[in-house]
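Here are some exercises to work through with the model open beside you. Try each task before you read its solution.

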Amino acid sequence: MKLSRQFTVFGSAIFCVVIFSLYLMLDRGHFDHPKSPRREGTFPKGQLSILQEKIDHLERLLAENNEIISNIRDSVINLSESVKDGQRNPEAVNFSQGSFSELLPSALVSLTIDPEDCSFASKSGSQASDVQMLDVYDILPFDNPDGGVWKQGFDITYNENEWDDEPLQVFVVPHSHNDPGWLKTFDDYFRDQTQHILNNMVVKLQEDNKRKFMWSEISYFSKWWDGIDSQKKDAVKRLIEDGQFEIVTGGWVMPDEASPHYFALIDQLIEGHQWLEKTLGVKPKSGWAVDPFGHSPTMTYLLKRSGFSNMLIQRVHYSVKKYFATQKMLEFFWRQNWDLGSSTDILCHMMPFYSYDVPHTCGPDPKICCQFDFKRLPGGRVSCPWRVPPEAIHTGNVQHRAWMILDQYRKKSKLFRTKVLLAPLGDDFRYSESSEWDQQYQNYQKLFDFMNSHPELHVKAQFGTLSDYFEALRKAGNLEEKNSNSVFPVLSGDFFTYADRDNHYWSGYFTSRPFYKRLDRVLESYLRAAEMLYSLALVESKKSDKMNAFPSVDHYKLLTEARRNLGLFQHHDAITGTSKDWVVVDYGTRLFHSLMNLKRVITDSAHILILKDKDTYSYNPSAPFLKMDDDQSSQDSLPRKTVIKLSIQPRYLLVYNPTEQERFSVVSVYVNSPKVKVLSPSGKPVMVQVSGVWDGTTTVSHEAYQKINTKEDGKNHQIKMELAWYGTTSNRDKSGAYLFLPDGEAKPYVFTDPPTIRVTHGRIFSEVTCFFHHLTHTVRLYKVQGLEGESLELSNIVDIRGEYNREIAMRISSDVNSQNRFYTDLNGYQIQPRVAMSKLPLQANIYPMTTMAYIQDGGIRLTLHSAQSLGVTSLKSGQLEVIMDRRLMQDDNRGLGQGLQDNKITANLFRLLLERRNEKEEKSSVSFPSLLSHMTSSFINHPVIPMTTYAESGVPQILNAFSPLTSSMPCDMHVVNLRTIQSKADSGPSDEAALILHRKGFDCKFSNRDTRLLCSTTQGKIKVDKLFNKLIVESLIPTSLSLMHSPRDARNISEIDMSSMEINTFRIRLR
């Protein structure tokens, strides 16, 4: 056991920094030194029974504790009856304006939830879409018959005079798919391929104004732009103006849509759109997502809120594509499941065939289409796998060749409802050589010229951009006319889990490289905290000359770099865990580098905000005023808490709560002595628990089995946690980075030696830790009032580095009668109901979980909250199962060319929440978490940030607390970000910030009596002048999500008014 001690403080705070003092106690502190831990867990039988008694004793203590808390709760509820008036007017409840409530929350009265705020969830889902994806999965047989030349489809026939009245309009859309990292790093791809593609684009498009090209990844485009001369820049601007070159989507990357959190999806969109607006004055209007492995309606919503009207998707299950093709539903209005009207509709085109490469985009027969990919002309480096090469077009063959490709175009157009056809022309990193531009553009132009000069063919073919296509499509579908009935159906739902052929489901990547999926989420919480503190510090620093020393420009550069590193990692080969080992190291190094920099921004910004006398401010980077209490030594190691050294001189402990609600939280820090006293800002002692810090030498062998009885309303619920292994099939095709191809159901985790079990109990928390060979599993119960006492904290440290083709899962089994239904979140933004279908293979029933998954029956809901993205499923009634890590020895033939053997010691963190509900469980297309559940998720993903004053810096006068908000924001309101906008003149900050708010949709059908939320709801209304404490809002102007568009009537507003589920961005000026 180390000399250091962990002590845990309990206190409440709101969106603020609170300062505690740490004293070394000179009187003898009561501390029991545990006996030295037994090594290797050799438990004699007698000790096992002693251990069992201890666990029973712990359970009795917890039961008593629950009873005491229930009594306190009841008396508080009685008390709250007498302050009903204060509840009706939430502003009347004193949220300790700007100061900070000492130890108990200032308002432990359960604040009221307005009944009107409950109506949204109950109405939601009643709006019928023409197509609901849950119903599609229900009716599809998921068989896989041979469809002929279009293997996964069917034979397409047509009548030659179908186009006599209205000719076929063909848009051939050249594109190049540039992965910002995959088989090479971002920088290597740029050096070897991407820069040449863009350089050639400028030259080749200028040669003929009929040529078109488009681009989507701004991470690459901005890097290229920074290195070119002004002449080239002017040429690019002209090409954009003339409609020859189009930017599509315009995010920093083309993100994965399963693992990213919506915070990061929005952030990378803003980063791209802000760059485009500032540099080129360009506002993209069409979305292009040809490579993400499945599609989420969250992305659709974000595009719609950014002002987009059209989008395109490609990787959708082959059975779904075939069904959509038979129904001519490949073009549809995609509407959110929860939308009560049609405000979220966006026109979406789904590509019908296997891939976005040329053989699979001109029509149903890849053997023919490949002959029209002129990069594959004989003598080149790539050829056609169907063994019939392309022929260069000349007068002798143009008629026959034009007929061949027109036949493909006509067949493809039979799958759609209009006579307008999209034919993409491109592939990964295409058009890098000048010769390819000539091969493609010259040969196609000859084909177009022939077709267009023969009226009897009834076709008009041309190069186009994505928006050229959508404009023609909207015209053909009469979409520009108001009130005309749409020719396109309305669809709701999502497109997971993706399979591209056979039973090859891409559910492995939901978990692949989980170490980095966790690091991603940690960086997000630091970035959000840093953005907010920086924005506030920037306002503060302008108030006196002394504070001009604040490094606002340098820190803004660090923030910009962190936004871009996080944005890069949202790429569909990065957060997915589907890149080469050394590319993963490159991403990890960028994330780690930004993590270090953000800690500096956080501590330096907090410094300026908490000083009492601002004239004493001085900035000294070599001796910072504050430091954070954890350290990470490298990009692939776990963070470790640093030990705070105490002396008779007190040290300040600052705790920053990055959430927008008052929070009653447990804070753990490590100190070098058990004799410690903690005082609140006003000098009162704070309740603490001192526990030993174990130095992990008690690593033992094998597995954890546990029974948790959750006692609620006097009813015990059996909940058991088990571990299980999945292997991979013995077939030729095996699991890899993308695919999950298990060898049947999971096998129980078996252990030969009993695990070492360590039980800790104290007045703030008690925990049980089990040590096995592959994992350390801890269950912690907080014995505190407020939110943290409502759920169990589960944490695992997983290490499967010695395994061979195995995946480890955590399974939670309960008596919840959920049957085959379960619910998973999409990007932490919304819930998608799921059905485990026996007609599908096991791997098809695994779905992405970004922040939560739950099961429920008429009386109870069991939610697993997660602090990292992983794959999740419910294969049996009452079960939730999470895949925690995978180690695979081979490639799964999707281009990566390697397995997954770079496993790390990986930490994951969960909370298990059990809630009583009173509504019978029935099939619905929509579901919402409770408010308690939303808050639990927010707290696990945005933990409080402890900081200590630098030991040598003495003790200057600091504020008792710094609280920028006057009071808790409404329970259903979340500040997604407060992000300082870049100055128009240089790379430093402007005096404006983007305030992004999300009003969450929530389900009220839970016993609200005892949720102990320290906030109320206000129908989505917030008075702007009541929002901030000691800060004046100079202006607050609504804008589109990514700041690209201002509404026509954009003006300074005095009240924010948002609907449920809405995410809104405002331009805000504070002083």
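**Exercise 1. Charges over rings**

Which residue lies over the face of Phe190, and at what distance from the ring centre?

Solution. Before you start, note that this is a predicted model, where local features need pLDDT of at least 70, side-chain atom pairs count only at pLDDT 80 or more, and totals for chains, interfaces and linings use all residues. Residues are numbered from 1 along each chain as its sequence is written, and side-chain values use heavy atoms, with hydrogens and water left out.

Step 1: apply the rule, which asks for NZ of Lys or CZ of Arg within 6 Å of the ring centre and within 35 degrees of the ring normal. Step 2: go to Phe190, and you'll find Lys223 over its face at 5.2 Å from the ring centre. Step 3: try Phe765 too, where the charged end of Arg780 sits 3.6 Å from the ring centre.

**Exercise 2. How far to trust the chain**

Find the mean pLDDT of the chain, then look at the stretches below 50.

Solution. Step 1: pLDDT is the predictor's confidence in each residue, from 0 to 100; its mean over the chain is 89, and 87% of the residues reach 70 or more. Step 2: residues 26-44 fall below 50, and beyond near neighbours in sequence that stretch has 30 contacts in the model (a contact is heavy atoms within 4.5 Å). Step 3: residues 68-109 are below 50 as well, with 67 such contacts beyond near neighbours.

**Exercise 3. An aromatic pair in a helix**

How are the rings of Phe221 and Trp225 arranged, and are these residues buried or exposed?

Solution. Step 1: get the rule straight. Rings of Phe, Tyr and Trp (its six-membered ring) pair if their centres lie within 6.5 Å; planes under 30 degrees apart are stacked, over 60 edge-to-face, and the rest tilted. The count by this rule is 53 aromatic pairs. Step 2: Phe221 and Trp225 are 6.2 Å apart centre to centre with 25° between the planes, so the pair is stacked. Step 3: check the sequence spacing. The two residues are four apart in helix H6 (residues 218-226), so about one helical turn separates them; helices here are DSSP runs of H or I with at least four residues, strands are runs of E with at least two, and both are numbered from the N terminus. Step 4: check burial (under 20% relative accessible area is buried, over 50% exposed, in between partly exposed, with a 1.4 Å probe and protein chains only). Phe221 is at 0% and buried, and Trp225 is buried at 5%.

**Exercise 4. Three salt bridges**

Compare the surroundings of Asp146–Lys151, Arg513–Asp581 and Glu881–Arg811.

Solution. Step 1: a salt bridge puts a side-chain nitrogen of Lys or Arg within 4 Å of a carboxyl oxygen of Asp or Glu, which gives 58 of them. Step 2: Asp146 and Lys151 have their closest N and O atoms 3.5 Å apart. Asp146 is exposed at 58%, and Lys151 is exposed at 52%. Step 3: Arg513 and Asp581 come to 2.8 Å. Arg513 is in the loop between strand S13 (490-492) and helix H15 (514-541), while Asp581 is in helix H17 (residues 581-610), so this pair ties together parts 68 residues apart in sequence. Arg513 is buried at 7%, whereas Asp581 is partly exposed at 29%. Step 4: Glu881 and Arg811 also show 2.8 Å between their closest N and O atoms. Glu881 belongs to strand S36 (residues 879-887) and Arg811 to strand S29 (residues 806-814), so the bridge links parts 70 residues apart in sequence. Glu881 is buried at 2%, and Arg811 is buried at 16%.

**Exercise 5. Strand S10 and its partners**

Which strands pair with S10, and in which sense?

Solution. Step 1: pairing needs at least two DSSP bridges between two strands. Step 2: strand S8 (residues 310-313) runs parallel to S10 over four bridges, with Met311 partnered by Cys348. Step 3: S9 joins S10 through four bridges in the antiparallel sense, and Phe333 stands opposite Leu347. Step 4: five of the five residues of S10 are buried, so the strand is largely enclosed by the rest of the structure. Ile346, Cys348 and Met350 cover one side, with Leu347 and His349 on the other.
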